[in-house]
Amino acid sequence: MTADLESLPGEIAGRARQLLVELCALSSPSGDADGVGAVAARLAAELLRRGLACEIEQERGADGALHPVLLARGPAAAGRHLLLVGHMDTVLPAIPPRLDRDRLEATGAFDMKGGLAMLLGALDLMAARGDHVPDGFLLVAVPDEESSGLISEQVVRRWSERARAVLVLEPGGARGDSETLVAGRRGLTEWQLQITGRASHSGLAYWAGRSALAAAADWCLRAQRMSVPGPGRTVNVGRLVAGTADFVDRLAESHGLLGSSGQRNVIADRAVADGELRYLAAAEGPATIAELTELARRVAAEHEVEATLTTGGTVPPVDPHGPGEALVRRAVELAAARGFRLEVETDRGGISFPNYLADPASVAVVDGLGPVGNGMHTRDEWLDLRSLDRRIVLLADLLATL
Ligand SMILES: [Zn+2]
């Protein structure tokens, strides 16, 4: 997996490493607008030196305060722009970086100041080769990806609307002796099941009751069994509350009943379940909701209760076989041409930048372009600097094709 060292001059690699150490020394935990602002200012100065036009805008975050967003633009494009996305915040405040040969132990080195240093190195490499920054190049670096993500979500949605492709500079993964790019991320749809049965005394009139609890439990079990291992969809029941209508609807006041003898003799006439489903292909969302609705109809008939399924928030998936597939393949081929073996993660968990795109089904996105390491969000975080070298070359090669 050794990158062709001829392809990255030592001077450029050394400068990228030095910049990374400096970026990591600037403490920028989410919420620290001054610290993140210092990273933004440092990046802006470096990007300006590389010919990009920079602005630092202030956006209101979930805490009501203003936080910096860095925009860096290359030559204007007649058509759609090429969007690069990263974040400047870290989970923890910084401690002094420690360099141990090809390993940099530093806060945010892996997630994801390494990706920002990679971009600076790639711009240097392109300049050294006489390659131009692509028309419509736009870097957006956000301040709150590790906390609420409110600004991240809004800004990425806004700038992705007219993007021709999106490159996410978040780190790839390390897998044995190879590294990964990320092609797919699951989307999710929230749902709520409400069931109304008929209350009755379990001693005097057991058979007259219609248990909403039993019906809900039956539905939940069958719903979870619709989950498919591997790349398939998953259905998760996050909560199930059942009992008398009085108990369920006034849970804040009635929870003291739990563990007591109260109301154990009542057939439960009310149940509410909250959950979500996750899926990789956009069509699986509505299709699964239709199946869950049909399941609610069947369970209602079998248990002689009323059941209603409603949906809540939804986050679109990034389909690994969607519009980004060709771009991911190109990146893998470019890496291979340098002797750098990349695998493709088609199913990375968690909601992240690609899910925030205005429409992930209509724009090519490749995620996980950043260098790899380990210990994300911990005091043991470190970055593999040889991975930084390899990925500087890869990003420069990829940008030259865009
Ligand atoms: Zn990150």
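**Helix packing and the zinc site**

Helices α3 and α11 are oblique to each other in this structure, which is a predicted model. The classification follows from the angle between the axes of α3 and α11, roughly 55 degrees, because angles under 35 degrees count as roughly parallel, those over 145 as roughly antiparallel, 65 to 115 as roughly perpendicular, and the rest as oblique. The axes of α3 and α11, the latter spanning residues 385-399, come within 8 Å, and the crossing is right-handed. On the α3 side, the contact is formed by G114, A117, M118, L119, G121, A122, L125, M126 and R129; on the α11 side, L388, R391, I392, V393, L395, A396, D397 and L399 take part. Sorted by class, the residues of the contact between α3 and α11 comprise 12 nonpolar, two polar and three charged.

Helix α3 (residues 109-129) also packs against helix α2 (residues 33-49). The axes of α2 and α3 are 11 Å apart, and the angle between them is about 15 degrees; the two helices are therefore roughly parallel to each other. The crossing of α2 past α3 is left-handed. V39, L43, E46 and L47 of α2 meet K113, L116, L120 and L123 of α3. Six nonpolar and two charged residues make up this contact of α2 with α3, with no polar residue.

Helix α2 further packs with helix α1 (residues 10-25), the axes coming within 10 Å and crossing at roughly 160 degrees. Helices α1 and α2 are therefore roughly antiparallel to each other, and α1 passes α2 in a right-handed crossing. The contact involves L19, E22 and L23 from α1, together with V39, R42, L43 and E46 from α2. Four of the residues in the contact of α1 with α2 are nonpolar and three are charged, while none is polar. V39, L43 and E46 of α2 thus appear in the contact with α1 and in the contact with α3.

The zinc ion is coordinated by H87 through NE2, by D111 through OD, and by E170 through two OE donors, at 1.9 to 2.6 Å. The angles among the four donor atoms run from 54 to 151 degrees, and the site is irregular. A tetrahedral assignment is excluded because such a site requires all angles to lie between 85 and 135 degrees. Along the chain, the donors of the zinc ion follow the spacing H-x23-D-x58-E. H87 belongs to strand β3 (residues 81-87), whereas E170 is in the loop between β7 (163-168) and β8 (174-175), so the pair ties together parts that are 83 residues apart in sequence.

Two features of the backbone are also noted. The peptide bond that joins D111 and M112 is cis, with omega at about -10 degrees. D111 is a donor to the zinc ion, and M112 lies in helix α3. Elsewhere, E304 has a positive phi, near 55 degrees, although the residue is not glycine. E304 is located in the loop between α8 (284-303) and β13 (306-315).

Notes:
Residues are numbered from 1 along each chain as its sequence is written. This is a predicted model: local features need pLDDT of at least 70, side-chain atom pairs count only at pLDDT 80 or more; totals for chains, interfaces and linings use all residues. Side-chain values use heavy atoms; hydrogens and water are left out. Axes are lines fitted to C-alpha atoms, for helices over the stretch in contact, and angles run from 0 to 180 degrees between N-to-C directions. Helices (H or I, at least four residues) and strands (E, at least two) are DSSP runs, numbered from the N terminus. A crossing is left-handed if the near helix is turned anticlockwise from the far one by less than a right angle, and right-handed if clockwise. Contact means heavy atoms within 4.5 Å. Ala, Val, Leu, Ile, Met, Phe, Trp, Tyr, Cys and Pro count as nonpolar, Asp, Glu, Lys and Arg as charged, and the others, Gly among them, as polar. Donors are N, O and S atoms within 2.8 Å of the metal (3.2 Å for Na, K and Ca); water is not among the atoms, so sites may look incomplete. Four donors count as tetrahedral if all angles lie between 85 and 135 degrees; four count as square planar and six as octahedral if opposite donors are over 155 degrees apart and all others between 65 and 115; anything else is irregular.
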